[in-house]
Amino acid sequence: MKKLCLSVLLAAVSMSSALTVVGSPNDQVGTNGGIFSPSFRISTQRSVGVNGFKVYFYFSNDVADETPLFIPETGGYAANAKKIELQKVTSHVWRVMLDFSNTNIPANSYFPSSPTVFFMALINGANKYSHSLRPYPWGKGFHNAVVESKNGEILDGQHPTLRSRVGVLSKNGTTCKSGGNTFGMTTVFPDIIIGLNSEKSSCSSAISGTQPNGVAVSGNNVNFRYCIYEFDELPRVSYDYAVLRLDEHCPVGTYPFRRKHDTEDSRGSNFVAGPAWPSDIDDNVTLEYCFVPKDPYSTRVYPFDGGYTNDYNTSIFANVSNTNLAVSTLHVDDEDSGTSSNSWYYYGLSKKKASDKAIIDRIHNIMSGGDNTDYHLVTRKQNLAKSAEVADAHNSVNSSYVAAAPLAPAIKGLNRSAVAVELQSAGDAKISIAGINGAVVANITEKNLQPGVHQIKWNAGMVPSGRYVVKIEQNGMVNAKNVILK
């Protein structure tokens, strides 16, 4: 299977007047059945026809790196296609490409005459997770469909921005909400439960302080419950916090790290329910996290509210004192006799580098431990007015929300010869392109630019294909976007 790197196209505006994808407006395709097989047709809505086109359908799989079984329809209108193939975009996201570059659609007509199924993608065989294939991004109708001319012009839809999955601790009995695209976030998946079987003899696993949401201790068992969300960039508050990592990369501006728990060696009962990758739950438990640095200028009380998660019953890993937050500590009694193998790992961070060590020290202010582990948590107090919490999202002046300001610059796309940006005010623009590991591959400065869309030239040279963070700074405002470079 050829791995596809999806580029964010420079054509930012969909020419919806050209044609439209028409079909059953149901994004629940395959829920609990593991099948993605939309029925659709193309409707032209202009005085001239379409001379060749390609259609892309995006969908996601709960389980990372699991290739769905793909069955192209071989008869009917599907036989007109030059090619129909399944393409991998990320560890969780796939797309189906239907190449009809040899097919013409007359003006003011349909192809085919009625909605038709052209392919089927489904879960292949038994899987230890109960999961499904779902349209990506989650929404209504055919938001996951993109139509291009055979020359690459977008005729309908828009290639999606690829977000990163994270897990937010959520109270048992609370339904993980779905739907919505508020503040660059979409909830698309059910919950995850991770169980640790801590040391059997003289077990001292316990919670002190206020009972946090999403965490429970029963005997020598410690359980975590998470709801899954997707973010371009996690919201910032005036204190550091951490969430569970559920993707290849953490969201922009955060740091991945992990904690390995040496759990009970005798009759251990670690377990997982739901798609917890890249965390590893086996004889021992390795949990992956994203560390979110604080923004000292933020006025937000808590990073997640109804505008982000639609769930007020959440907790996060953090160590801070605030009258509007309830604090607690979870002590996990790891196996500390015999061959204890508890460990921490910080990916690209090195304790020998002062700036990296400072980040590691801040991580351990939230989570720490040698033979055992202490997790600090905070929970929004129920008496905190929800309206005030939502208002914080709009009044905060931290960098997470600068991108939403009316005069903020925006990244519109990237290819090997240009970066497309949109400026709302005149001034100099500084652009940097960095790999997910933080290594900068290009710095570009353009002076005296006027408002509008600009194609900023750069030479990709030998820069490898893959995922990059493009950041723009102008007039004191910053914006960043995850993109894939072909």
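Phe100 and Phe118 are both buried. In this predicted model, the two rings form an edge-to-face aromatic pair, with 5.7 Å centre to centre and 80 degrees between the planes. The pair links distant parts of the chain: Phe100 belongs to strand S7 (residues 93–105), while Phe118 lies in the loop between strand S8 (110–117) and S9, 18 residues apart.

**Aromatic contacts**

- Tyr302 and Phe304 make another edge-to-face pair, because their ring centres are 6.5 Å apart and their planes stand at 80 degrees.
- Tyr302 counts as buried because its relative accessibility is 0%, and Phe304 is buried as well, with a relative accessible area of 0%.
- In total, the structure holds 23 aromatic pairs.
- One aromatic cluster contains Phe100 and Phe118 together with Phe36, Phe40, Phe53, Phe57, Phe59, Phe70, Tyr77, Phe111 and Phe119.
- Arg41 is placed over the face of Tyr110, at 3.6 Å from the ring centre.

**Nonpolar cores**

- The largest nonpolar core is made of 32 residues, and Phe224, Phe317 and Tyr375 have the most contacts inside it.
- Strands giving two or more residues to this core are S14 (185–197), S17 (221–231), S18 (241–245), S22 (285–292), S24 (325–332) and S27 (373–380), and helix H1 (354–366) does so too.
- Leaving aside residues up to four places away in sequence, Phe317 touches Leu169, Phe224, Tyr226, Asp240, Tyr241, Ala242, Tyr289, Ile366, Met367, Tyr375, His376 and Leu377.
- A second core, separate from the largest, has 28 residues, including Val21, Trp94, Phe100 and Ala121.
- Phe100 is thus named in three settings: the edge-to-face pair with Phe118, the aromatic cluster and the second core.

**Open sheet S2-S9-S5**

- An open sheet is formed by 3 strands in the order S2-S9-S5, with antiparallel pairing.
- Strand S2 (35–36) and strand S5 (69–72) stand at the edges; each has a single partner strand, so one side of each is left without a neighbour in the sheet.
- S5 and strand S9 (residues 119–122) run antiparallel and are joined by 4 bridges.
- Ile71 has Met120 in S9 as its bridge partner.

Definitions and conventions: Residues are numbered from 1 along each chain as its sequence is written. This is a predicted model: local features need pLDDT of at least 70, side-chain atom pairs count only at pLDDT 80 or more; totals for chains, interfaces and linings use all residues. Side-chain values use heavy atoms; hydrogens and water are left out. A nonpolar core is a set of buried Ala, Val, Leu, Ile, Met, Phe, Trp, Tyr and Cys residues joined through side-chain atoms within 4.5 Å. Buried means under 20% relative accessible area, exposed over 50%, partly exposed in between (1.4 Å probe, protein chains only). Contact means heavy atoms within 4.5 Å. Two strands pair if DSSP finds at least two bridges between them. Rings of Phe, Tyr and Trp (its six-membered ring) pair if their centres lie within 6.5 Å; planes under 30 degrees apart count as stacked, over 60 as edge-to-face and the rest as tilted. A charge sits over a ring if NZ of Lys or CZ of Arg is within 6 Å of the ring centre and within 35 degrees of the ring normal.
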